[in-house]
Amino acid sequence: MPEAATHVGSGKVRELYELDGDRLLLVASDRISTFDVVLPTEILDKGRVLTGLAAFWFARTRDLVPNHLLALRPDGRSSECRRLGMLPLECVVRGYLTGSGWKDYQATGAVCGHVLAEGLRDSDKLPEPIFTPSTKAQEGHDENIDRDRAAELVGRERFDELERTAIALYELASAYAAERGILIADTKFEFGLDPEGRLVLADEAFTPDSSRFWPADEYEPGRPQPSFDKQFVRDYCETLGWDKTAPGPELPDEVVAGTRARYVEAFERLTGIDFDDYLAEPEVAFR
Ligand code: PZK
């Protein structure tokens, strides 16, 4: 890198650097997490798949909401982004009932204040997608909150705008993905504000790390669904009797290869772009 970049943050598998006063560099590694633990074995090109997928969705949703992406770097895993004032909400949209939504529903019949019909099963499709914001936890899991609490954090008008925007994004992407054999069960967005106070989509969008991708041809409500991308890793880990605390296990070559193939398959199905073409010229792929 010609310019000096100060490290300003870490996600589980991504790093964030400051380029200058108004630009950040988001770098996606090939690390993979399962059961909330980052494993010691990397999945070759996973960071490039996720970076390319996010760039694809940013291009496809720019008429709905502006986003922070300025440019992809030639390495295919680094994105130059506009620096924003981030809003303190994880903006989750659920089209299917699973994960913490399923847990909350079983305990209370509701998710983040959305009272749902009785008798729903794990992984059932919801009649309408619901906006279920959570707060960013410093460590551990984000905490689901109800609409009033979320509106306190960002203001009522901004909350309404976030809800409308997040649902519209989900409807666009989930319909598109479903036609290509991938169900997006739920997804998480992060938004920020530009200096004029306009809402801007930040972070990543509709990647398998920010969303649950399910293979449509195996969808069967009433049980947990296989993960489109991580199921080989989970299945392998389940054979080990691993207690799911760090450090996680090394993955054998077949599991790495099968998992890489699933990431590449998701990329190609969703974008319609040959992954090798993306690798050759990342910045050209989505023009
Ligand atoms: C920002 N994060 C979380 C994500 C990390 C950390 N465009 C932006 N402007 C200002 N801040 C952020 C962003 C974005 N995106 C995002 N923390 C700050 C995060 C990924 C990796 F290390």
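**Contacts around the ligand and the second largest pocket**

In this predicted model, an N or O atom in the side chain of H68 is 3.0 Å from a nitrogen atom of the ligand.

Visitor: What makes the pair formed by H68 and the ligand a polar contact?

Guide: A polar contact is a pair of N or O atoms within 3.5 Å. The H68 pair is 3.0 Å apart, so it meets that cut-off.

Visitor: How do you know that R82 and D203 also make polar contacts with the ligand?

Guide: A backbone N or O atom of R82 lies 2.8 Å from a nitrogen atom of the ligand, and a backbone N or O atom of D203 lies 3.1 Å from a nitrogen atom of the ligand. Both values are within 3.5 Å, and therefore both pairs count as polar contacts. As for cover, the ligand taken alone exposes 470 Å², of which the protein buries 83%.

Visitor: Which element gives the largest share of the shell around the ligand?

Guide: Strand 2 does, with three residues. The shell divides into five nonpolar, four polar and five charged residues.

Visitor: Why is L69 counted among the lining residues of the second largest pocket?

Guide: A lining residue has an atom within 4 Å of a point of the pocket. L69 is one of the 14 residues that line this pocket, and therefore meets that cut-off. The volume of the second largest pocket is about 400 Å³. Strand 6 provides the largest share of its lining, four residues. By type, the lining holds ten nonpolar residues, one polar and three charged.

Technical notes:
Residues numbered from 1 in each chain as written. Predicted model: local features only at pLDDT ≥ 70, side-chain atom pairs only at ≥ 80, totals over all residues. Heavy atoms only, no water. 1 Å grid on protein atoms, 1.4 Å probe; cavity = no way out; pocket = protein on both sides within 12 Å on 5 of 7 lines; lining within 4 Å. Points joined across faces, edges and corners; volume = space filled by probe spheres on them. Helix = DSSP H or I, 4+ residues; strand = E, 2+ residues; numbered from the N terminus. Nonpolar A, V, L, I, M, F, W, Y, C, P; charged D, E, K, R; others polar. Polar contact = N/O pair within 3.5 Å; in protein donor to acceptor, adjacent residues only side chain to side chain. Areas by Shrake-Rupley, 256 points an atom, 1.4 Å probe, with all protein chains shown as cover.
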